[in-house]
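Please look over the sequence and the model below before reading on, and keep both at hand while the explanation moves from one part of the chain to the next.

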Amino acid sequence: MQNKVLLLICGLIVLTSCAHRSGHTRQHLRSSHSQTVNSRQGKNEAVAHIGKQTETLLPTEIFKLFNKAVFIVMTTDGEQAFQGSGFFIGEHGLAVSNYHVFQGTLTGLEKIKMVGSENLYEVIEVIHKDSERDFILFRVNCENSCYIPIADEKPAVGAKVYAIGSPKGLENTFSSGEVSQWRTNYLMQINVSIDFGSSGGALINERGQAVGITSGTLDAKSNANLNYAWSIDAVKPYLRLK
């Protein structure tokens with residue numbers, strides 16, 4: 001069994017044909033390191049940005065600042081391999097993703113892959129998980145210096161937002177759109193393009209702040225780009241920033 005699991009993880013590393021977790025199609029809405037990251041070049045800019053959160057940034061600036069704060073999550077249930085996304089919201093490996101990316105998989109075998117690196121990292125602490133609001137707050141065994149600050153306010157309907165994630169294993173794809181509507185206090189409808197594998201990725205406002213966790217599509221058969229993300233506000237009560 002152990003060899004089988006390792007082979008599944010290896011298959012994800014090279015991003016061959018594997019199942020991707022990108023949120024569950026929802027017809028009805030309900031409330032529902034030991035090692036140090038080597039690629040530090042460019043990360044100091046992201047740190048410098050924190051505290052200057054009144055500025056409106058260009059899309060190119062947002063991607064440049066926060067591209068390395070988003071990572072691939074690789075999981076397995078022992079039979080099948082899955083891929084999702086996640087992102088850092090603080091130092092010392094503090095990160096978030098969707099709960100469904102981890103749900104039903106083998107605890108301790110999750111692997112985290114940073115953009116531009118072949119090193120794999122591990123989840124060393126789960127701080128909180130919430131199946132209803134579909135998030136998991138955890139720590140990775142790395143000392144990251146690039147992370148996305150959390151927004152103080154929810155984005156309004158019509159506000160511009162940007163997503164970074166890895167749809168179908170396409171590492172750190174950038175897309176843009178608007179908030180289409182708030183469906184519950186924590187669930188927002190967006191027209192930002194996401195796909196299988198985007199689950200757990202970052203939804204960022206024009207000031208370079210995390211406003212949500214991209215999760216999935218409302219109707220996989222529709223061409224209307226009916227997607228959704230969970231508000232980062234769901235995570236705030238459980239933060240233990242150090």
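In this predicted model, a good place to begin is Phe-174, which counts as partly exposed with a relative accessibility of 28%. Its neighbour in the discussion that follows is Tyr-162, which counts as buried at 3% relative accessibility. A pair of aromatic rings is described by the distance of the centres and the angle of the planes. For Tyr-162 and Phe-174 the ring centres are 5.6 Å apart and the planes stand at 20°, and since planes under 30 degrees apart count as stacked, this pair is stacked. Tyr-162 belongs to strand β8 (residues 160-165) and Phe-174 to strand β9 (residues 173-182), so that the pair links parts of the chain that are 12 residues apart.

The model holds 6 aromatic pairs when rings are paired by the distance of their centres. Another of them joins Phe-71 and Phe-88, whose centres lie 4.9 Å apart and whose planes make an angle of 55°, so this pair is tilted. Phe-71 is found in strand β1 (residues 70-76) and Phe-88 in strand β2 (residues 81-88), and the pair therefore ties together parts that are 17 residues apart in sequence. Both rings belong to buried residues, for Phe-71 has a relative accessible area of 0% and Phe-88 has a relative accessibility of 1%. Ring pairs also draw these two residues into a cluster with Phe-102 and Phe-138.

Rings can also have a charged group over their face, and here Lys-154 is the residue to look for. Lys-154 lies over the face of Trp-182, at 4.9 Å from the ring centre, and it also lies over the face of Tyr-186, at 5.6 Å from the ring centre.

The strands that carry Tyr-162 and Phe-174 lead on to the barrel. Strands of a sheet pair through backbone hydrogen bonds, either parallel or antiparallel. In this model 6 strands close into a barrel in the order β8-β9-β10-β13-β12-β11, with antiparallel pairing. Neighbouring strands of this sheet are turned against each other by 45° on average, if direction is ignored.

Going round part of the barrel, one finds that β8 and β11 pair in the antiparallel sense over 4 bridges, and that Ile-164 stands opposite Ala-202 in β11. The next pairing, between β11 and β12, is again antiparallel and has 3 bridges, with Ile-204 opposite Ala-210 in β12. These two strands, β11 and β12, form a hairpin with 4 residues between them, and Gly-208 in the turn has a positive phi of about 75°. Strand β12 (residues 210-217) is then joined by 5 bridges to strand β13 (residues 227-231), which runs antiparallel to it; Thr-217 has Asn-227 as its bridge partner there, and Gly-212 has Ser-231.

How enclosed is β12? In β12, 8 of the 8 residues are buried, so the strand is largely enclosed by the rest of the structure. For β11 it helps to recall that in a regular strand the side chains alternate between the two faces of the sheet. Both faces of β11 are covered, since Ala-202 and Ile-204 on one side and Leu-203 and Asn-205 on the other are all buried.

Ala-202, which lies in strand β11, deserves a closer look. This residue counts as buried at 0% relative accessibility, and its bridge partner in β12 is Ile-213. Leaving aside neighbours within four places in sequence, Ala-202 is in contact with several residues, among them Val-70, Phe-87, Ile-148 and Tyr-162. Ala-202 and Val-70 are 132 residues apart in sequence, yet 7.1 Å apart in space from C-alpha to C-alpha.

The last element to follow is helix α3 (residues 59-66), which packs on the sheet, touching β8, β9 and β11, and whose direction makes about 35° with that of β8. An α-helix has 3.6 residues a turn, so residues three or four places apart point the same way. In α3 the residues Ile-62, Leu-65 and Phe-66 are buried. Seen down the axis of α3, the buried residues fall within an arc of 75°, so they line one face of the helix. The face turned away from this buried side carries the exposed residues Thr-60 and Lys-64.

How values were computed. Residues are numbered from 1 along each chain as its sequence is written. This is a predicted model: local features need pLDDT of at least 70, side-chain atom pairs count only at pLDDT 80 or more; totals for chains, interfaces and linings use all residues. Side-chain values use heavy atoms; hydrogens and water are left out. Rings of Phe, Tyr and Trp (its six-membered ring) pair if their centres lie within 6.5 Å; planes under 30 degrees apart count as stacked, over 60 as edge-to-face and the rest as tilted. Buried means under 20% relative accessible area, exposed over 50%, partly exposed in between (1.4 Å probe, protein chains only). A charge sits over a ring if NZ of Lys or CZ of Arg is within 6 Å of the ring centre and within 35 degrees of the ring normal. Two strands pair if DSSP finds at least two bridges between them. Axes are lines fitted to C-alpha atoms, for helices over the stretch in contact, and angles run from 0 to 180 degrees between N-to-C directions. Contact means heavy atoms within 4.5 Å. The arc is that of the directions from the helix axis to the C-beta atoms.
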